[in-house]
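Visitor: Hi, could you walk me through this one slowly? I'm still learning how to read these.
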Number of protein chains: 2
Amino acid sequence: MPSTNLTFANQDAHRAWLASQAALPAGFRAGTARFEFTPREAPKPARMTLTLIASDEPTPDFAAMFTRNAFPGAPVIVGRKRLGEPAIGAIIINNKISNVCAPDGVETAERICAETARLLGIAPAQVLPSSTGVIGWRLPADAIIAALPQAVAALSNDSIMPAAEGIVTTDLYPKIRRAAVGKGSIVGIAKGAGMIEPNMATMLVYILTDLAVPREILRDMLKRAVDVSFNTISIDSDTSTSDTVALVSSGKFPCDDYAAFEAALTQVCRDLAEDVVRNGEGVRHVIAVTVKGAPDRETARALGKAIINAPLFKCAVAGNDPNVGRLVQAIGKHVGAHMPALDLSRLIARMGGVEIFANGAFRLDPEKEKALVAHLRGAELYASAPPKDGVFAPPIQFPPHERSVEIEIDLANGQGACAVFGGDLTHEYVSENADYRS
Amino acid sequence: MPSTNLTFANQDAHRAWLASQAALPAGFRAGTARFEFTPREAPKPARMTLTLIASDEPTPDFAAMFTRNAFPGAPVIVGRKRLGEPAIGAIIINNKISNVCAPDGVETAERICAETARLLGIAPAQVLPSSTGVIGWRLPADAIIAALPQAVAALSNDSIMPAAEGIVTTDLYPKIRRAAVGKGSIVGIAKGAGMIEPNMATMLVYILTDLAVPREILRDMLKRAVDVSFNTISIDSDTSTSDTVALVSSGKFPCDDYAAFEAALTQVCRDLAEDVVRNGEGVRHVIAVTVKGAPDRETARALGKAIINAPLFKCAVAGNDPNVGRLVQAIGKHVGAHMPALDLSRLIARMGGVEIFANGAFRLDPEKEKALVAHLRGAELYASAPPKDGVFAPPIQFPPHERSVEIEIDLANGQGACAVFGGDLTHEYVSENADYRS
């Protein structure tokens, strides 16, 4: 469940709320630059946005986590090295091309870092690079370097909104979440709409704070916060090669209460993670699955993930069809394949609070069917409509509400529990991804 | 690769070919009955087909494999018991409702077996039940029992075609494959279009032979044949609760060459498995992935499955978009999550014979892009067109060709190899499954 229960009547209302969350923590500036270029692999003009986030001074207090995909992008390879550096002073992010397994990818990333550092008067190893977009293409290094001065000139300590907008690709809207802690704040932004099942890290997420928390404590906190937020979501079961979450402290204000800081950080991560699902490619229903009574938390998480990644169940949800047989199929598929000894005889399943399965059998009748349909309709973010030009596209650019399809699975097999978040599988997803690059 | 390289210009040509394959092996009869009923869980009239396959005499020589889903259907529970019986004399199959986790499901299945046995003059335990369709609803036992005499009356030793047509649900066309061995033959039929990633068994498949092969040898052969056929396919990564493959020998002719029999059985299974993929829900491209150079065959199969189950890659194929970045993402996701120590530095990837990745980097240029697009278009089964009524439906009822999108992954890490088959992810799949039950 999100910490908020927001509804937005239109895009303007959503933008106004985002603006109210967007003040940068003390000690940071952000700016962007946009330009056109032509990829070498598929020559056709494209647009790229550079996003630059800089701290007033390089700071030792930073943390970052990265994808576990075995083909990590060049920026992830460079980013892992940066974790051993004494300090960080800037993050440079581009969209459109992810710089993954491209020839000379690491050299290109380092060259961009070096030029960013020169313009900011810091060391090249104090710049963390990030890229997102098409996998396999080469970055247009010369064009990026030519645009960097424009990004530096745009740096402002005013708002994180330009950065939240700059990092997106197929996202419908920018995502910003903040929490106040003592004299300071934690502010995070996220990009991510497809290829989303993070594994120990996530998409592109940048979290800034002006509260002084030492590096090692910050890194431990980030690990725990990611585990209960980004690592509990999946839009399409695909794990990006570029997943990155970075947390940087400017240390402008003392942090008197680490527990309060970690609670706030965790909430910012959870809210951003749910925002990412809510704004997932083609997502028209967020599906929130709580698994409890499991032998342990990992079992609960794995089973929840199996449910939110089951294509037939996701399609049924898209159609407001309470086809709970497909839900039980997904549970049985996972348990049969991975833990066949688990006793499922006491399993209870509920959707929207309605008991649908108990003691090894379904509990269905026409009245329950109506209640389930009403629950599904109530959680729908927008209605799908056949498009005139053959391409399904969401009719909204804002999140109208934060309601989910609520599923509860009680295994009655222990104390382990986990909540996971996914989306349905829709025509809008297929339209987005059957012709993404053209 | 199928054993044939068939093309069909239209449905009539396909039907004529099926008829040429459909002669029943000696010693078997098949018949069907159709009727209307109203499900209790969602009252709205529906149609069901009963399919009855009977051997002239009960035979001890039969084999069957079932789903590993932890919520198996009642017919699977009963079928497992039948494996211990001395002989089998009939198979009774219904579509529309799968009898999975329905109250009194096993009792209902046994009641239908008993009535079938009474009409055929055999023992109840000599009848193998099978059901496919909606999960969670109760079978209309009275209506089924009332229709059984019609199925018995329809029994004929002429053709397996009525049975091949009777067992389907969302399939576009019936599936029959045969092989001649010595004086006899092996003939198989298959149902299966969605919820298809069999695990040690498959969908509904019935294979009949008039060659005498003793039960234990038959069972060993079936296990090996299933392992290299049905267990290498996935349409949507969902594992049905009803998967069943049964093989029955009437023993009418001696089998002089077990090796030839097993080779023919394996080919029938492979061809049916590919037919199931080719006729998968919404499948517009069959994707054939060969993984070689793996540490062992299981590793090769698991990696191949990860590729054919990766939604973003499947969407790209649907759009004839050679987005090979998503292919490499899928490999990296699987290896990163399940065997992070595997050395991928020598991996070579080819699509349609074109090298796209080697030595840790993509090998792409605009000319290759064109060749890849041509390969994808050549493997397309039909073109998708925006529908007038908002529901995408295949414009064909026959398989126009047997070509696939050919992907080859060489890990250069050993001698393990496996070929797997999957389909793309299309609007037709979403239309089929977002409102399947209504």
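Guide: Let us begin with a term we shall need: the domain bounds used here come from an automatic or database domain assignment. Please also keep in mind that this is a predicted model.

Visitor: OK, so which domains is chain A divided into?
Guide: Chain A is split into domain 1, covering 11–278, and domain 2, covering 286–434. Taken over C-alpha atoms, the centres of domain 1 of chain A and domain 2 of chain A are separated by 31 Å.

Visitor: How many residues are in contact between those two domains?
Guide: In chain A, 15 residues of domain 1 are in contact with 17 residues of domain 2. On the side of domain 1 of chain A that touches domain 2 of chain A, the elements that give two or more residues are helix 1 (11–21), strand 9 (233–234) and helix 7 of chain A. Helix 7 of chain A supplies the largest share of that side, four residues. Sorted by class, that side of domain 1 of chain A has six nonpolar, seven polar and two charged residues.

Visitor: I clicked on Phe261(A). Where is its place?
Guide: Phe261(A) lies in helix 7 of chain A, which runs over residues 258–278. Phe261(A) counts as buried because it has 24 C-beta neighbours inside 10 Å, and the cut-off for buried is 20 or more.

Visitor: And what is Phe261(A) in contact with?
Guide: If we leave aside its neighbours within four places in sequence, Phe261(A) is in contact with Val181(A), Leu211(A), Val213(A) and Cys255(A). Arg326(A), by comparison, is 65 residues apart from Phe261(A) along the chain, and their C-alpha atoms are separated by 41 Å.

Visitor: New topic: what about helix 10 of chain A, how many residues does it have?
Guide: Helix 10 of chain A, residues 324–338, has 15 residues and reaches 21 Å from its first C-alpha to its last, which is close to the 21 Å expected at 1.5 Å a residue. Since 13 of its 15 residues are buried, helix 10 of chain A is largely enclosed by the rest of the structure.

Visitor: There's a chain B too. How many residues does each chain put into the contact?
Guide: The contact takes 64 residues from chain B and 65 residues from chain A. Several elements of chain B give two or more residues to the side that touches chain A, including helix 9 (311–318), helix 11 (366–379) and helix 12 (427–434) of chain B. Helix 10 of chain B gives the most to that side, with twelve residues. By class, the side of chain B that touches chain A has 34 nonpolar, 19 polar and eleven charged residues.

Visitor: Which residues have the most contacts inside the largest nonpolar core?
Guide: Those are Ile307(A) and Ile307(B), in a core that has 266 residues. Not counting residues up to four places away in sequence, Ile307(B) touches Val289(B), Phe313(B), Leu327(B), Ala330(B), Ile331(B) and Ile407(B).

Visitor: Last one: are Asn99(A) and Asn359(A) buried or exposed?
Guide: Asn99(A) counts as buried, because it has 32 C-beta neighbours inside 10 Å, whereas Asn359(A), with 11 such neighbours, counts as exposed. Asn99(A) has a positive phi of about 55 degrees although it is not a glycine, and Asn359(A), also a residue other than glycine, has a positive phi near 50 degrees. You will find Asn99(A) in the loop between strand 4 (88–94) and helix 3 (105–120) of chain A, and Asn359(A) in the loop between strand 13 (354–358) and strand 14 (361–362) of chain A.

Definitions and conventions
Residues numbered from 1 in each chain as written. Chains lettered and ligands numbered in written order. Predicted model: local features only at pLDDT ≥ 70, side-chain atom pairs only at ≥ 80, totals over all residues. Contact = placed C-beta atoms within 7 Å. Nonpolar A, V, L, I, M, F, W, Y, C, P; charged D, E, K, R; others polar. Buried ≥ 20, exposed ≤ 12 C-beta atoms within 10 Å, placed from the backbone. Expected span 1.5 Å × (residues − 1). Core = buried A, V, L, I, M, F, W, Y, C linked by C-beta atoms within 7 Å.
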